[in-house]
Amino acid sequence: MRHIISLLMENESGALSRVAGLFSARGYNIESLTVAPTEDATLSRMTIVTRGSDDVIEQITKQLNKLVDVVKVQDLSDGSHIERELMLVKVRASGDLREEMKRMADIFRGRIIDVSDKTYTVELTGPGSKLDAFLQAIDPAAILETVRTGASGIGRGDRIMKI
Amino acid sequence: MADMELTGAEIVCSCLRDEGVKHVFGYPGGAVLNIYDEIYKQTAFEHILVRHEQAAVHAADAYARCTGQVGVAIVTSGPGATNAVTGIATAYMDSIPMVVISGQVPTAAIGQDAFQEVDTVGITRPCVKHNFLVKDVRDLASTIKKAFYIAATGRPGPVLVDVPKDITQHSCVYEYPKSVSMRSYNPTSKGHAGQIKKAAQMLLEAKRPMIYTGGGVVLGNAAPQVTELVRLLGYPATSTLMGLGGYPAPDPLFLGMLGMHGTIEANMAMQHCDVLLAVGARFDDRVIGNPKHFAKEARRIIHIDVDPSSISKRVRVDVPIVGEVAQVVDEMLKQIKASKEKPDQTALKAWWTQIELWRAQDCMKYDRESGKIKPQYVIEKLYEVTGGQAYVTSDVGQHQMWAAQYYPFDQPRRWINSGGLGTMGFGLPAAMGVQMAFPDAAVACITGEGSIQMNIQELSTCKEWKLPIKVILLNNGYLGMVRQWQEFFYEERYAESYMTSLPDFVKLAEAYGHVGIQVEKPEDVEPALRDAFGKYKDRLVFINFLTDPRENVFPMIPAGKGLSEMILV
Ligand SMILES: Cc1cc2nc3c(=O)[nH]c(=O)nc-3n(C[C@H](O)[C@H](O)[C@H](O)COP(=O)(O)OP(=O)(O)OC[C@H]3O[C@@H](n4cnc5c(N)ncnc54)[C@H](O)[C@@H]3O)c2cc1C
Ligand SMILES: Cc1ncc(C[n+]2csc(CCOP(=O)(O)OP(=O)(O)O)c2C)c(N)n1
Ligand SMILES: [Mg+2]
């Protein structure tokens, strides 16, 4: 099962390597990992997307909690939550493609944020599946470069993770 | 005094003093020269100079195991730190509270491939409970305070503090924090009352109960509570290698050690019980063997552990209780005493009858008539000669298992060995740590000719400190534990497990200034031991027992097999 785990940890140097090291040392898989400081600069917020059986996920949350720098761990998949990922895609945009790419970006509510004679750079946010769908919808030969942030997640409504 | 500034090096020593540290094991080098200069000037603690950093860490580790206090080691940057890694990993695997202070190259040189630079925090990260790189002298005292706090609380473990050389020169006002509070670290100590109640109920309902204790009972100073619980209920008890002494082994309720080299009665009772209480034990692969085989029999499991990640890791449990053993078992005792229910004596009697049948197979028997020195016999004699009161450290191999099987410990913190990492070379430095903590105690290091050579240089440290350790070398001329596996599972192809060109251990001991004795006949075993603990009481005595090279450790559960699939003598 795919799980999306949020954690708050002390914004110390090496904090990221403790989490990454834990995953590799124990053979857990990481699909994506995002991290940045929160409004409180002493804390970092991390979102980890991983896969595993219930037993493995239970161990992952326990092991994360055990890290001395980790303040809080929440498995967002336990309740309703929102996920968003940002993708920047550079696509071929010459000739017929120029109009086509504009149209596709609009359909997916993307924005063209950089333009050259032959290319567009499209910014797209949404759940990972939407970003995948965009890439599938356009001609693969037109994709010049993609960069994705990995998912960031937050609980819905009153579900708040704070210390 | 209030706002007098101290250098980082002075602060390190002041912190250790204020933490109440009495002994520090270490080895100097460039990055820690300032610290050593302050060590030279202070009198609060003694520094024991070892001959290899690995030994400093093992000694500090054993010091912690036998006293319950946090052990302390100091090493220099680069090779000092890398030499320490095996010791740190050893302590980590057995959850031993320890603080290691390592020197580091000056802050400005970090990342420059400077002389004797390694990323110590990076290298040790997977084998410490936590580690720190100090970047500002003003953080030094609070970091060391945190290190001691983290090492000793919750599930204990080693904590490393990496101190760059310039930090030891910088100065600031020194104040040792009285307490620590960390929003990210709050180990649970009190068990959940509802869960404890449920557990007490389940225990009282058991028809075929079993109590399985581990290192957590020793680490959590909970031997009295656990002993009371076992006796109150009259239930059978077993212990892991790490928990030995947590329950008095000579007691009839004790079935001996369980696991790969455990007794028939302990392993069979573990497999066939209907309610299992696991206390401070982590269902290690050397303990339950194949988890699928273990799961074949239905049983309900109660698990007390301070570390939630130890619970339901390898075996699903029914009643998890996160907390300190001592507190939880105290509470459990109250509940059981207050309960109107009593254990079902008829069922219990039938269960004990079954257990006695297993016990009657006498799985610890060995050939007493062979005319050769049997290693088991040496341990039995050691037990007799020391009245069962020695601190026994061990190396890793067959001798370790025989020590665990034939020296019935009746107190915690007397049996000092590397279980989780299984580090050959642990025994002698560990004995140094114990003897430093208890100068008047009888300390025996049980070792093999393979293991002892991994830290034999420490005989020199022992000479310097006049440590009257008794080295009990069970010399079988083989890497015996390896040879045993090769005999059983590799059709007797003894690849690289035979030790030729062994030194003359008697002369070697003498060369280091100690007493060396060679024992070649069974009848000389006891007199040699009596001399060691009598005539040469105040000397380090190194006894080279030439034991039967073909002797094996029984029972044995082959890797991947289940608890009831033991190979017997
Ligand atoms: C050659 C060799 C052979 C071996 N054969 C065997 C064998 O036959 N049988 C055997 O048992 N072992 C054997 N071992 C040792 C084995 O590898 C493990 O080290 C050992 O079984 C683990 O013991 P434990 O479960 O008690 O856990 P430990 O490693 O001692 O862990 C202690 C547990 O208690 C918890 N804890 C700590 N403090 C507290 C507290 N205050 N309150 C509550 N919980 C606490 C910890 O979180 C942890 O889960 C062998 C080792 C070697 C090298
Ligand atoms: C540092 C290290 N290297 C290798 C091993 C693997 N190993 C486990 S037991 C053993 C043999 C130990 O031989 P010896 O010390 O003579 O003890 P014996 O088994 O003969 O009693 C070896 C090589 C280990 N545990 N530790
Ligand atoms: Mg040997």
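Q: In this model, does N476(B) count as buried or exposed?
A: Keep in mind that this is a predicted model. The cut-off for buried is under 20% relative accessible area. N476(B) has a relative accessibility of 10%, so it counts as buried.

Q: Which residues coordinate the magnesium ion (ligand 3)?
A: N476(B) takes part through its OD1 atom, and Y478(B) through its O atom. E449(B) is listed with OE twice, and the distances run from 2.1 to 2.5 Å. That gives the residues around the magnesium ion (ligand 3) as E449(B), N476(B) and Y478(B).

Q: What spacing along the chain do the donors of the magnesium ion (ligand 3) follow?
A: The donors here come from E449(B), N476(B) and Y478(B). Read along the chain, they follow the spacing E-x26-N-x1-Y.

Q: What is the arrangement of the six donor atoms around the magnesium ion (ligand 3)?
A: For six donors to count as octahedral, opposite donors must be over 155 degrees apart and all others between 65 and 115. Around the magnesium ion (ligand 3), the angles subtended by the six donor atoms go from 52 to 176°, which makes the arrangement irregular.

Q: Where does Y478(B) fall, buried or exposed?
A: Y478(B) is the residue that offers its O atom to the magnesium ion (ligand 3). Its relative accessibility is 15%, so Y478(B) counts as buried.

Q: Which residues come nearest to ligand 2?
A: There are 17 residues around ligand 2. By class they split into seven nonpolar, nine polar and one charged. The ones that come nearest are Q398(B), H399(B), G422(B), S451(B) and G480(B).

Q: How much of the accessible area of ligand 2 does the protein cover?
A: Start with the polar contacts: a polar side-chain atom of E449(B) sits 3.0 Å from an oxygen atom of ligand 2. Backbone N or O atoms add to the picture, with G480(B) at 2.7 Å and M481(B) at 2.9 Å from an oxygen atom of the ligand. On its own ligand 2 has 590 Å² of accessible area, and the share covered by the protein is 76%.

Q: Which elements give two or more residues to the shell around ligand 2?
A: G480(B) makes a backbone contact with an oxygen atom of ligand 2 at 2.7 Å. The elements that supply two or more residues to this shell are α17, α19 (449-452) and α21 (480-489) of chain B.

Q: How many of the nine residues of α17(B) are buried?
A: The buried residues of α17(B) include Q398(B), H399(B), W402(B) and Y406(B). α17(B) is largely enclosed by the rest of the structure because the buried count is nine of nine.

Q: Which element gives the most residues to the shell around ligand 1?
A: In chain B, α9 (215-219), α12 (285-288) and α17 (398-406) each supply at least two residues of this shell. With three residues, the one that gives the most is α9(B).

Q: What percentage of the area that ligand 1 exposes when taken alone does the protein bury?
A: Oxygen atoms of ligand 1 lie 3.0 Å from a polar backbone atom of G419(B) and 3.2 Å from one of G420(B). A polar side-chain atom of R155(B) is 3.4 Å from an oxygen atom of the ligand. Taken alone, ligand 1 exposes 1000 Å², and the buried part is 97%.

Q: Which class has seven residues in the shell around ligand 1?
A: The shell has 36 residues, with R282(B) and D305(B) among those that come nearest. Fourteen is the nonpolar count and 15 the polar one, while the class with seven is charged.

Q: What is the phi of F283(B)?
A: As background, most residues other than glycine have a negative phi. F283(B) sits in the loop between β12 and α12 of chain B, and at 2% relative accessibility it counts as buried. Although F283(B) is not a glycine, its phi is positive, at about 50°.

Q: Is S501(B), which has a positive phi near 55°, buried or exposed?
A: S501(B) belongs to the loop between α21 and α22 (505-511) of chain B. Its relative accessibility is 73%, so S501(B) counts as exposed.

Q: What is the omega of the peptide bond from F554(B) to P555(B)?
A: P555(B) is in the segment after β20 (541-546) of chain B. The bond from F554(B) to P555(B) is cis, with omega near -10°.

Note on methods. Residues are numbered from 1 along each chain as its sequence is written. Chains are lettered from A and ligands numbered from 1 in the order in which they are written. This is a predicted model: local features need pLDDT of at least 70, side-chain atom pairs count only at pLDDT 80 or more; totals for chains, interfaces and linings use all residues. Side-chain values use heavy atoms; hydrogens and water are left out. Donors are N, O and S atoms within 2.8 Å of the metal (3.2 Å for Na, K and Ca); water is not among the atoms, so sites may look incomplete. Four donors count as tetrahedral if all angles lie between 85 and 135 degrees; four count as square planar and six as octahedral if opposite donors are over 155 degrees apart and all others between 65 and 115; anything else is irregular. Buried means under 20% relative accessible area, exposed over 50%, partly exposed in between (1.4 Å probe, protein chains only). A residue is near a molecule or strand if one of its heavy atoms lies within 4 Å of it. A polar contact is a pair of N or O atoms within 3.5 Å; within protein, one must be able to donate a hydrogen and the other to accept it, and residues adjacent in sequence count only if both atoms are side-chain atoms. Accessible areas come from the Shrake-Rupley method with a 1.4 Å probe; for residues, only the protein chains shown count as cover. Helices (H or I, at least four residues) and strands (E, at least two) are DSSP runs, numbered from the N terminus. Ala, Val, Leu, Ile, Met, Phe, Trp, Tyr, Cys and Pro count as nonpolar, Asp, Glu, Lys and Arg as charged, and the others, Gly among them, as polar.
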